[in-house]
Amino acid sequence: MGFGILLDIILALFIASYANSKGRSFGLWFVISVVLDPLIGFILLQVSSFISNAFTRQVEPEVVQTHPRTIYADELEYDVSSDELYRQSEKLYQQAAKLRELADRAESNSNKRSQKTLPMFR
């Protein structure tokens, strides 16, 4: 943070010296640049944050809806076809199968690590 303040003061000195070379007041332009530089930086930071949030929301993966009526929330009638129900149930089944496979892998890996070979008794 100290480096940023130092950089801002150096930039303000350059702006004030440029204004002085053009016949303007050195002190006035120094004060204006010290005040406005952080303000402009803050505004640019907010704008860039807003833009990055707008793009990251579009990239989020689609989640399968567990309740079929949420698709038709805008419509007054809730006529959900059997094909739509079947399509969503298939997607949910595929997700459940993937999660079961991952859980089985994790369990088998933990079982292999926890098993110890017993020494032979003579």
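**Stop 1: the start of helix H2**

Select phenylalanine 26 and phenylalanine 30 in this predicted model. Both residues sit in helix H2, which spans residues 26-59. They are four residues apart, about one turn of the helix.

Now show the two rings. How many aromatic pairs does the structure hold? It holds one. Phenylalanine 26 and phenylalanine 30 form that pair, and it is stacked. The ring centres lie 6.5 Å apart, with 5° between the planes. The pair counts as stacked because its planes meet at 5°, and the cut-off for stacking is under 30 degrees.

Are these side chains buried or partly exposed? Phenylalanine 26 has a relative accessible area of 34%, so it is partly exposed. Phenylalanine 30 is partly exposed too, at 24%.

**Stop 2: the nonpolar patch**

Next, select Val31, Val35, Leu36, Leu39, Ile40, Phe42, Ile43, Leu44, Val47, Phe50, Ile51 and Phe55. Switch on the surface. Together these residues make a nonpolar surface patch of about 1200 Å².

Pick out leucine 36, one of the patch residues. Leucine 36 belongs to helix H2. Its relative accessibility is 36%, so leucine 36 counts as partly exposed. Residues of a patch need over 30% relative accessible area, and leucine 36 has 36%.

**Stop 3: glutamate 84 and arginine 87**

Move to helix H3, residues 82-114, and select glutamate 84. Add arginine 87, which lies in helix H3 as well. The two residues are three apart in sequence, about one turn of the helix.

Which interaction links them? Arginine 87 forms a salt bridge with glutamate 84. The closest N and O atoms are 2.3 Å apart. Their side chains are also joined by a polar contact of 2.3 Å. Side chains of opposite charge can pair when their charged atoms come close.

Colour by accessibility here. Which partner is buried, and which is partly exposed? Glutamate 84 is buried, with a relative accessible area of 13%. That value places glutamate 84 in the buried class because the limit is under 20%. Arginine 87 has a relative accessible area of 35% and is partly exposed.

**Stop 4: glutamate 101 and arginine 105**

Stay in helix H3 and select glutamate 101 and arginine 105. How many salt bridges does the structure hold? It holds two. Here the side chains of arginine 105 and glutamate 101 meet in a salt bridge of 2.4 Å, N to O.

Check the spacing. Arginine 105 and glutamate 101 are four residues apart in helix H3, so about one helical turn separates them.

Then check the accessibility. Arginine 105 counts as partly exposed, at 47% relative accessibility. Glutamate 101 counts as partly exposed at 39%.

**Stop 5: the whole chain**

Zoom out and show the chain as a cartoon. There are three helices and zero strands. Read along the sequence, the pattern is α-α-α.

Select the buried residues. They make up 8% of the 122 residues in the protein chain.

Turn the full surface on. The protein chain exposes about 11100 Å². Carbon and sulfur atoms supply 63% of that area.

Finish with the contacts. Take those between residues at least 6 apart in sequence. Of these, 29% join residues at least 24 apart.

Terms used: Residues numbered from 1 in each chain as written. Predicted model: local features only at pLDDT ≥ 70, side-chain atom pairs only at ≥ 80, totals over all residues. Heavy atoms only, no water. Buried < 20%, exposed > 50% of the residue type's maximum accessible area, 1.4 Å probe, protein only. Polar contact = N/O pair within 3.5 Å; in protein donor to acceptor, adjacent residues only side chain to side chain. Salt bridge = Lys/Arg side-chain N within 4 Å of Asp/Glu carboxyl O. Phe/Tyr/Trp six-rings, centres within 6.5 Å; stacked < 30°, edge-to-face > 60°. Patch = residues over 30% accessible without salt bridge, like charges linked within 9 Å, V, L, I, M, F, W, Y side chains within 5 Å. Areas by Shrake-Rupley, 256 points an atom, 1.4 Å probe, with all protein chains shown as cover. Contact = heavy atoms within 4.5 Å.
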